[in-house]
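Please look through the sequence and the model below before reading on. The briefing that follows is grouped by topic, beginning with the interior and ending with the pockets.

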Amino acid sequence: MLSAAVHAYVCAEPVDMRKNIDGLAGLVQPLLGRDAFSGQVFVFVGKRRNKVKLLVWDRHGFWLLYKRLEGGRFPPPAALAAHGLSLAELTAWLEGIDLTRVRGLRAIAATRIA
C-alpha cells in the first residue's frame, strides 16, 4: 500500500479526535501546507497525546487509521512537525520511540558508483 517514497507529515497542533476524514482532510492545507490528495501520510495527534489519526489518499479514496493508547502517551509531535518523516521513522514514533533522542544514519546523495 505505501512505498518507501511516501513521507509522513505531522501536525504540531493538537487536533480534535472527533474529526472524520473530511474534517482532517480540510486541515491538511491550512495546518500542514500540503495537498491532502498527494498520497503522503498526514498525522494528527490529540491534545492528551494518547490518540493519533493517520490520513492518506490512494487512487480511490482516503484511508483513516486510528490508534488509541491504553497506557502512556506518544512522544511530543512538535519537533517532528518541522520536516517530513520516513515510513520507518513514523513506525518507530507510533511505537513510542522519541525520535528527538535517537540518531540514524545520514542520507547519502550518490551520483556515481565509486
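**Nonpolar cores**

In this predicted model, the largest nonpolar core has 19 residues, and those that touch the most other members are V41, V43, V52, L54, L90, W93 and L94. Two or more residues of this core come from each of the elements β1 (8-10), β2 (41-45), β3 (51-57) and α2 (87-94), and with five residues α2 gives the most.

- As background, nonpolar side chains in soluble globular proteins tend to be buried together.
- When residues up to four places away in sequence are not counted, W93 touches V43, V45, V52, F74, P75, P76, P77, L80 and L99.
- Both V43 and V52, which are among the contacts of W93, are also listed with W93 among the core residues that touch the most other members.
- There is also a second, separate core of 13 residues, which includes V15, L24, V28 and L32.

**Salt bridges**

- The structure holds two salt bridges, and the residues that form them are described in the next two points.
- One salt bridge joins the side chains of R18 and D16, with a distance of 2.9 Å from N to O.
- R18 counts as exposed because its relative accessibility is 74%, and the cut-off for exposed is over 50%.
- Its partner D16 has a relative accessible area of 34%, so D16 is partly exposed, lying between the cut-offs of 20% and 50%.
- The other salt bridge is formed by the side chains of R68 and E70, at 2.8 Å from N to O.
- E70 has a relative accessible area of 67%, and therefore E70 is exposed.

**Pockets**

- The largest pocket has a volume of about 190 Å³, and its lining is made up of L80, H83, L85, E89, L99, T100, V102, R103, G104 and L105.
- By class, this lining of the largest pocket holds five nonpolar, three polar and two charged residues.
- Two of the residues that line the largest pocket, L80 and L99, are also among the residues that W93 touches.
- The second largest pocket contains about 160 Å³ of space, and the residues that line this pocket are V15, D16, M17, R18, G46, K47, R48, R49, N50 and K51.
- In the lining of the second largest pocket, six residues are charged, two are polar and two are nonpolar.
- D16 and R18, which meet in a salt bridge, are both found in the lining of the second largest pocket, and V15 of the second core is likewise part of that lining.

Notes: Residues are numbered from 1 along each chain as its sequence is written. This is a predicted model: local features need pLDDT of at least 70, side-chain atom pairs count only at pLDDT 80 or more; totals for chains, interfaces and linings use all residues. Side-chain values use heavy atoms; hydrogens and water are left out. A salt bridge is a side-chain nitrogen of Lys or Arg within 4 Å of a carboxyl oxygen of Asp or Glu. Buried means under 20% relative accessible area, exposed over 50%, partly exposed in between (1.4 Å probe, protein chains only). A nonpolar core is a set of buried Ala, Val, Leu, Ile, Met, Phe, Trp, Tyr and Cys residues joined through side-chain atoms within 4.5 Å. Helices (H or I, at least four residues) and strands (E, at least two) are DSSP runs, numbered from the N terminus. Contact means heavy atoms within 4.5 Å. On a 1 Å grid over the protein atoms alone, a cavity is a set of points where a 1.4 Å probe fits but cannot get out, and a pocket is an open set with protein on both sides within 12 Å along at least five of seven lines; lining residues have an atom within 4 Å of a point. Grid points are joined across faces, edges and corners, and a volume is the space filled by probe spheres set on the points. Ala, Val, Leu, Ile, Met, Phe, Trp, Tyr, Cys and Pro count as nonpolar, Asp, Glu, Lys and Arg as charged, and the others, Gly among them, as polar.
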